[in-house]
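Me: I would like to understand how the words used for a protein structure are justified. Could we go through this one together, setting each value against its cut-off?

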Amino acid sequence: MQSRAISLFAGSPHSDTDRSLFLSFAVPSITRPVWLSPRVFKTEALAGLVVAIALIPEAISFSILAGVDPRVGLFASFTMAVTIAFTGGRPAMISAATGAIALIVAPLSRDYGIEYLVAAVILAGVTQVLLALVGVARLMRFVPRSVMVGFVNALAILIFLAQLPYLIDVPWIVYPMVIVGIAIMLVLPRFTTAVPAPLVAVVLLTIAAVSLGWNVPTVGDQGELPGGLPVLGIPAVPFTFETLRIIAPFAIAMALVGLMESLMTAKLVDDITDTRSNKTRESWGQGVANIVTGFFGGMGGCAMIGQTMINVKASGARTRLSTFLAGVFLITLVVALGDIVAIIPMAALVAVMIIVAYSTFDWHSLKSLPHMPKSETIVMATTVVATVLTHNLAIGVITGVVTATVLFARRVAHLVTMTRELADDGEHVTYEVHGELFFASSNDLVYQFQYAEDPHWVVVDLSGAHLWDASTIAALDAIVYKYEQRGKTVDVLGLNKYSTELRARLNGRLPTGHG
């Protein structure tokens, strides 16, 4: 009888040793999942606990960033993590409430309230599922690296700017607290990484504030913390086109930014673990997780780069179990320790978010600026400026992609060359064209021929060129037309198969614009 290994929480084994361990448990027909191996289970459980502890201050901070009660972000982190553990396409990746999503929904929450925000989260989830079905994951290859870098840097800037309101008109003691918190998170990792530095900073600052009686803003001042599990419900909004008009722009932005950040994080984990994730499944899995989160009153979310690195790189997790347990541990800690969480000083969370902003920013991109092509620098800067000015990451990314496309087309257009060679007998002339001919490069081609001076027989050799679009066919028609107007014969030679078929379909059917 054949043996086969079945894993409910599918994931790559940790190493060759773990792989051997995993295979050794194979029994006829059915074997226990890899995560039930004592060694693997311990690694996954500890990784989930560390992530959950680190998630608490960030989830609260992101809630405040979005302008909602801390429980909204905590619920979102719980439901996102638990759901994506089953639906996601990248094992061990952590999804929860994030700064990117918080920045998008903040204006909606401020102007219309929590119910409209929840409705937008559900619509964003539906949008992500639809985008996954049409293959949006494959479009990630068209997002240039310069846009991705600009996206990450803009996110870092916006997260930092969002902390400034909590540093204005506050007791003076807040400023030393923030500085001490930042110092702890910068220095502690040099000595130990056994406990997350943000957690240590939050705990020490909270103890100091309570024991010394400092009157500073706390998490409890921002809103009510959860006293139990999230409850399933439908957002209390009118089901009208006006509601759709209000929430649709935010939902679309959430869907696009969430998918982009999640797919970027999935690719990063693929590289670290030398495994391949299912990007399409991750796309619709994010959608399902957001739909579930919305119906449970959460603010939505996506993959978290920082927490995923804690889970995969620092803790060595490789399966879905760590993601699942991160969500379970999170809600358990919050419900059991809600009164303690409420006394956490806001200064501690501001310090955490400043470090998050600092860590998110790609500082290497600044060092490499002198060596980067000018067009790449323009694309990155455009993405950052558009995002910061609009406070909309989706607009920034779209602006960056459009800018990159225009600059690429302009650059490629200048790679087209043409040579003219007159025959010894003067009876014919040959034009050899080399390069990619499309709308940006072919429009000027029509003006590079010497229609009046050329002999009666003209040869246009395109064996070194490729015709890409209707604009090129129209330009070629215009060239032939101009020669025929002067009673001259034109032979177009050397077209490859695609170019020949394209010209056959469109030849003579397009206005030349050069009558």
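Reply: Let us begin with the sheet in this predicted model, where strands E4 and E5 pair in the parallel sense over 9 bridges. One of these bridges joins Tyr431 to its partner Val460 in E5.

Me: What makes E4 and E5 count as a pair of strands?

Reply: Two strands pair if at least two bridges are found between them. E4 and E5 have 9 bridges, and they therefore meet the condition of at least two. The condition is also met by E5 and E6, which pair in the parallel sense over 5 bridges, and in this part of the sheet Asp461 stands opposite Leu493 in E6.

Me: In which sense do E3 and E4 pair, and over how many bridges?

Reply: Strand E3, residues 417–422, and strand E4, residues 428–437, pair in the antiparallel sense, and the pairing runs over 6 bridges. Leu422 has Val429 in E4 as its bridge partner, while Arg420 stands opposite Tyr431 in E4. The hairpin of these two strands has 5 residues between them, and there Gly426 takes a positive phi near 70°.

Me: Why is the pairing of the 4 strands called mixed?

Reply: The open sheet has the order E3-E4-E5-E6. E3 and E4 pair in the antiparallel sense, whereas E4 and E5 pair in the parallel sense, as do E5 and E6; the pairing in the sheet is mixed.

Me: Which strands stand at the edges, and what makes them edge strands?

Reply: The edges are taken by E3 and by strand E6, residues 489–493, because each of them has a single partner strand, so that one side of each is left without a neighbour in the sheet. From one strand to the next, the twist averages 15°. Helix H21, residues 497–506, packs on the sheet, where it touches E6 and strand E5, residues 457–467, and the direction of H21 makes about 115° with that of E5.

Me: Why can E5 be called mostly covered?

Reply: A residue is buried if its relative accessible area is under 20%. In E5, 8 of its 11 residues are buried, and the strand is mostly covered. For the protein as a whole, 50% of the 515 residues count as buried.

Me: How do you know that H8 and H15 are roughly antiparallel?

Reply: Helix H8, residues 197–211, and helix H15, residues 346–360, pack at an angle of about 160°, with their axes 9 Å apart. An angle over 145 degrees counts as roughly antiparallel, and H8 and H15 are therefore roughly antiparallel to each other. Their crossing is right-handed. In the contact, Pro198, Val202 and Leu205 of H8 meet Ala348, Leu349 and Val352 of H15. These residues divide into 6 nonpolar, no polar and no charged.

Me: What makes the arrangement of H2 and H15 roughly perpendicular?

Reply: Helix H2, residues 38–66, packs with H15 at an angle of about 95°, and the axes are 10 Å apart. Angles from 65 to 115 degrees count as roughly perpendicular, and H2 and H15 are therefore described in that way. On the side of H2 the contact is made by Pro57, Glu58, Ile60, Ser61, Phe62 and Ile64, and on the side of H15 by Met346, Leu349, Val352, Met353 and Val356. By class, this contact has 9 nonpolar, 1 polar and 1 charged residues.

Me: Is Thr218 buried or exposed, and how do you know?

Reply: Thr218 is found in the loop between H8 and helix H9, residues 219–222. Its relative accessible area is 17%, and because buried means under 20%, Thr218 is buried. Leaving aside neighbours within four places in sequence, Thr218 is in contact with Ala342, Ile343, Ile344, Pro345 and Met346.

Me: Is Asn215 buried or exposed, and how do you know?

Reply: Asn215 is also placed in the loop between H8 and H9. The relative accessible area of Asn215 is 69%, and because exposed means over 50%, Asn215 is exposed. Asn215 and Val170 are 45 residues apart in sequence, and from C-alpha to C-alpha they are 9.9 Å apart in space.

Technical notes: Residues are numbered from 1 along each chain as its sequence is written. This is a predicted model: local features need pLDDT of at least 70, side-chain atom pairs count only at pLDDT 80 or more; totals for chains, interfaces and linings use all residues. Side-chain values use heavy atoms; hydrogens and water are left out. Axes are lines fitted to C-alpha atoms, for helices over the stretch in contact, and angles run from 0 to 180 degrees between N-to-C directions. Angles under 35 degrees count as roughly parallel, over 145 as roughly antiparallel, 65 to 115 as roughly perpendicular and the rest as oblique. A crossing is left-handed if the near helix is turned anticlockwise from the far one by less than a right angle, and right-handed if clockwise. Contact means heavy atoms within 4.5 Å. Ala, Val, Leu, Ile, Met, Phe, Trp, Tyr, Cys and Pro count as nonpolar, Asp, Glu, Lys and Arg as charged, and the others, Gly among them, as polar. Buried means under 20% relative accessible area, exposed over 50%, partly exposed in between (1.4 Å probe, protein chains only).
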